[in-house]
Amino acid sequence: MLDGSDGGRGPARAVYPGTFDPFTPGHVDVVDRSRRMFDHVTVLVAVNGAKRPSREPDARAQQIRRLLPAQWTNVTVAAWQGLTVDYCRRHGCGVIVRGVRNSTDWRSEYELAAMNEALGVTTLFLPARPELATTSSTAVRTLPPAPGPRR
C-alpha cells in the first residue's frame, strides 16, 4: 500500500473527487485501481460551480454506491461541497487521485495538483486504460438514448 496518510502515522487514505455525472466505466476502473493501492478510498462527489450536473450530489453519491461492488469494503462514497483539500484535512486523507485520459486532461489537472500540493495534499495521476480513454462523462451525457427494439 502507498503511504497516503498524514506523515505516515495512520492508514493510507485517498480521495477520488469529481462531479461524476454520470459515473462511467473509466471512473469505476480508477476506483478499483485506487482501492488496491490505499487502505481506504473515498469517492467524493463534489459540487463544481462551473458544471451543471443533472442530479444533486447526494443522488449521484447514492447511485455510485449502488454501482460499486459490495465487496469493495475499503471504498466509501460521500457528497461534499467545498475544497477537496479541506475534506482531506478533515478526514486524514493524504492523497487525491485523478484519472487522466489525455494530455489535455493532464494539463488542466496539473494546475490543480500544484495548488493542492502547496496546501499539503499530493495528487496521484492514474492514466486511463486505452480502452476507456475515449469515454467522458460529457460524451455519455450528450449521447441520444439508444433506440428501442423494433416491432
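**Fold, sheet and cores of the chain**

Among contacts in the chain between residues at least 6 apart in sequence, 76% join residues at least 24 apart. The model is predicted. The chain has 151 residues, and buried residues make up 40% of them. The accessible surface comes to about 9100 Å². Carbon and sulfur atoms account for 53% of that surface.

The secondary structure consists of 5 helices and 5 strands. Along the sequence, these follow the pattern β-α-β-α-β-α-β-α-β-α. The 5 strands form an open sheet. Their order in the sheet is 3-2-1-4-5, and the pairing is parallel. Strand 3 and strand 5 (122–127) stand at the edges. Each has a single partner strand, so one side of each is left without a neighbour in the sheet. On average, neighbouring strands are turned by 30 degrees against each other, direction ignored.

Strand 1 is mostly covered, with 5 of its 6 residues buried. Strand 1 and strand 2 run parallel and are joined by 6 bridges. In strand 2, valine 45 is the bridge partner of glycine 18. The chain passes from strand 1 through helix 1 to strand 2. This β-α-β crossover is right-handed. Strand 1 also pairs with strand 4, again in the parallel sense, over 2 bridges. Here valine 15 stands opposite isoleucine 96 in strand 4.

Two of the helices can be placed against the sheet as follows. Helix 1 lies across strand 1, strand 2, strand 3, strand 4 and strand 5. Its direction is at about 125 degrees to strand 5. Helix 4 (residues 103–118) packs on the sheet and touches strand 4 and strand 5. The direction of helix 4 makes about 160 degrees with that of strand 5.

In soluble globular proteins, nonpolar side chains tend to be buried together. The largest nonpolar core of this chain holds 20 residues. Val31, Val43, Ile64, Leu68 and Val97 touch the most other members. Several elements give two or more residues to this core. They are strand 1 (13–18), helix 1 (25–37), strand 2 (40–46), helix 2 (57–67), strand 3 (75–80) and strand 4 (95–100). The largest share, 3 residues, comes from strand 2. A second, separate core has 10 residues, including Ala78, Trp80, Val85 and Ile96.

Valine 97 is one of the core residues that touch the most other members. Residues up to four places away in sequence are left out of its contact list. The list then includes Ala14, Val15, Tyr16 and Pro17. Val30, Ser34 and Phe38 are also touched by valine 97. Leu124 and Leu126 are further contacts of valine 97.

Alanine 59 is found in helix 2. It has a relative accessible area of 27%. Residues count as buried under 20% and as exposed over 50%. Alanine 59 lies between these limits, so it is partly exposed. Its C-alpha atom is separated by 9.7 Å from that of valine 45. The two residues are 14 residues apart along the chain. Valine 45 is the residue of strand 2 that bridges to glycine 18.

Conventions. Residues numbered from 1 in each chain as written. Predicted model: local features only at pLDDT ≥ 70, side-chain atom pairs only at ≥ 80, totals over all residues. Heavy atoms only, no water. Core = buried A, V, L, I, M, F, W, Y, C linked by side-chain atoms within 4.5 Å. Buried < 20%, exposed > 50% of the residue type's maximum accessible area, 1.4 Å probe, protein only. Helix = DSSP H or I, 4+ residues; strand = E, 2+ residues; numbered from the N terminus. Contact = heavy atoms within 4.5 Å. Pairing = 2+ DSSP bridges. Axes fitted to C-alpha atoms, helices over the stretch in contact; angles between N-to-C directions. Areas by Shrake-Rupley, 256 points an atom, 1.4 Å probe, with all protein chains shown as cover. Right-handed = clockwise from strand over helix to strand, strands pointing away.
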